[in-house]
Amino acid sequence: MDGDKTHKLKRCRECGSPRKVSQLLNWNDNGTITQSLNRNFRVVILHSDFLDGLFESVEKRLGVSIGHIAFEAQRNASKTVFGAVKQKLGPLADILTRSTKFKRAAVEQFNDTARITGQCLSETIEYIPGERGVARIRNPFNLDLMAANVVGAFELLESKPFEHEVEKVGDDTYILKVASASEKPEISERMELRPSKLFPGGKPQERCPRCHVPTDLSCFSWFEEQGIIVDERRGIRVVFLDGYVPSAVFREIATELGEDFYDLVVEAERDWTTRNAGKILGAGSELSGDRVKKAFERYLEMLRLYGQGNPAFLEVDADALSVIIENPYEVHLLAGMFSGLYEAIVGERARVTWDLPREQVARYRVKPA
Ligand SMILES: [Zn+2]
């Protein structure tokens, strides 16, 4: 039904970023990105293979699959995102969601969101309101989480549970079918997302005078006709995701396995980072002395652009690195990231410790082990 419809996004005349990006998202000075419609709800930018790598590594160490837990967290995140739109509409939402025309428009909106966030290229093949939807998905950043997003969006639109099926039909191309279901797993209810109050302040960022996104965002290229975004400075694909999914997944697993599980998250993240440091830093890694600081400064600037937190303090002395991050998007993942980068740059095994001097503030110290 898409026919000749173009997937091209309209751009800001000044900075070239897609206009919908600046309409839907705010880059705040406090190191966070939030939704325009829901100022408490965070969005983060991640390297697209980051979650695959992390989940795989955690699964290998635990010997159990965590895919279904991630699925439920993403399903709830999706409902929260589109729920904000529904809430804005107020009582009108109930009237509109009874209209087939509105529902069709909403489904096209889901496809738009997928392209704008670099999650995939999604095209509707069939949609029967209240019953089922079929879409062709190209280049999904993660097939399970992508499916969870679609299922969550449909559940919200149709106000009932949905289930899904995926079939691979070509090179990174899939047919995703969703259909109304009688019930959903009990685990889903436990995985409510918990947005927390953000730490204020931060440092002003240089912004586009026209659309107000950070000028650094110009290092991103949107290839919306393929459904992907590339950070050109690093040559890696990135994806905009709901900021609470990793924490919700970890919390659920820690409830089952105990708090020790978080050590494993830090280790898994450290190992992934060490392996990918070259890409993350976008430069060679035989660094020492002042260049350690330079490399970290460059990395920390990226943290703000990616909405992962505000680096409020960095100190590098002879034998340790100290960093303070306000609004860390996930404390353990950042701990793993810092120790991984340190190992890659300094070339020695590292040990990371941290404390939380205030709510939404994390203070890290990385030293040779
Ligand atoms: Zn602009």
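This is a dialogue on reading a zinc site, two sheets, a helix pair and two buried residues in a predicted model.

Me: Which residues donate atoms to the zinc ion?

Reply: Start with the atoms around the metal. In this predicted model, the protein donors are the SG atoms of C12, C15, C208 and C211, lying 2.3 Å from the zinc ion. Along the chain these donors follow the spacing C-x2-C-x192-C-x2-C.

Me: What is the geometry of the zinc site?

Reply: Look at the angles among the donor atoms. Four donors count as tetrahedral if all angles lie between 85 and 135 degrees. Here the angles among the four donor atoms are 102 to 113 degrees, and the site is tetrahedral.

Me: Are C208 and C211 buried or exposed?

Reply: The cut-off for buried is under 20% relative accessible area. C208 has 2% and is therefore buried. C211, with 14%, is also buried.

Me: How do strands of a sheet pair?

Reply: They pair through backbone hydrogen bonds, and the pairing is either parallel or antiparallel. One case here is an open sheet of four strands, in the order β4-β5-β7-β6, with antiparallel pairing. Its edge strands are β4 (121–128) and β6 (162–170), each of which pairs on one side only. On average, neighbouring strands of this sheet are turned by 20 degrees against each other, direction ignored.

Me: How many bridges join β6 to β7?

Reply: Eight bridges join them, and the two strands run antiparallel, with β7 covering residues 173–180. To follow one bridge in the model, find E165: its partner in β7 is K177.

Me: Which helix packs on that sheet?

Reply: Helix α6 (residues 143–158) does, touching β4, β5 (132–138), β6 and β7. The direction of α6 makes about 140 degrees with that of β6.

Me: What is the strand order in the sheet that contains β11?

Reply: The order is β11-β12-β14-β13; this is an open sheet of four strands with antiparallel pairing. Its edge strands, β11 (310–317) and β13 (350–358), each pair on one side only. Neighbouring strands here are turned by 15 degrees against each other on average, direction ignored. Seven bridges pair β11 with β12 (residues 320–326) in the antiparallel sense. D317 stands opposite A320 in β12.

Me: At what angle do α8 and α9 pack?

Reply: Read the angle together with the distance between the axes. Helix α8 (residues 245–257) and helix α9 (residues 261–281) pack at about 135 degrees, and their axes are 9 Å apart. That angle makes α8 oblique to α9. On the α8 side, the residues are F250, R251, I253, A254 and L257; they meet F261, Y262 and V265 in α9.

Me: Where is L303 found, and what is it in contact with?

Reply: L303 is found in helix α10 (residues 290–305). L303 is buried, because its relative accessible area is 1%. Leaving aside neighbours within four places in sequence, the contacts of L303 are Q308, G309, I325, L334 and F338. For a pair far apart in sequence, take L303 and G31: they are 272 residues apart along the chain, yet their C-alpha atoms are separated by 7.4 Å.

Me: Does R304 count as buried or exposed?

Reply: R304, also found in helix α10, counts as buried because its relative accessibility is 3%. With neighbours within four places in sequence left aside, R304 is in contact with residues including W27, D29, K203, P204 and Q205. Its other contacts include G309, N310 and P311.

Technical notes
Residues are numbered from 1 along each chain as its sequence is written. This is a predicted model: local features need pLDDT of at least 70, side-chain atom pairs count only at pLDDT 80 or more; totals for chains, interfaces and linings use all residues. Side-chain values use heavy atoms; hydrogens and water are left out. Donors are N, O and S atoms within 2.8 Å of the metal (3.2 Å for Na, K and Ca); water is not among the atoms, so sites may look incomplete. Four donors count as tetrahedral if all angles lie between 85 and 135 degrees; four count as square planar and six as octahedral if opposite donors are over 155 degrees apart and all others between 65 and 115; anything else is irregular. Buried means under 20% relative accessible area, exposed over 50%, partly exposed in between (1.4 Å probe, protein chains only). Two strands pair if DSSP finds at least two bridges between them. Axes are lines fitted to C-alpha atoms, for helices over the stretch in contact, and angles run from 0 to 180 degrees between N-to-C directions. Contact means heavy atoms within 4.5 Å. Angles under 35 degrees count as roughly parallel, over 145 as roughly antiparallel, 65 to 115 as roughly perpendicular and the rest as oblique.
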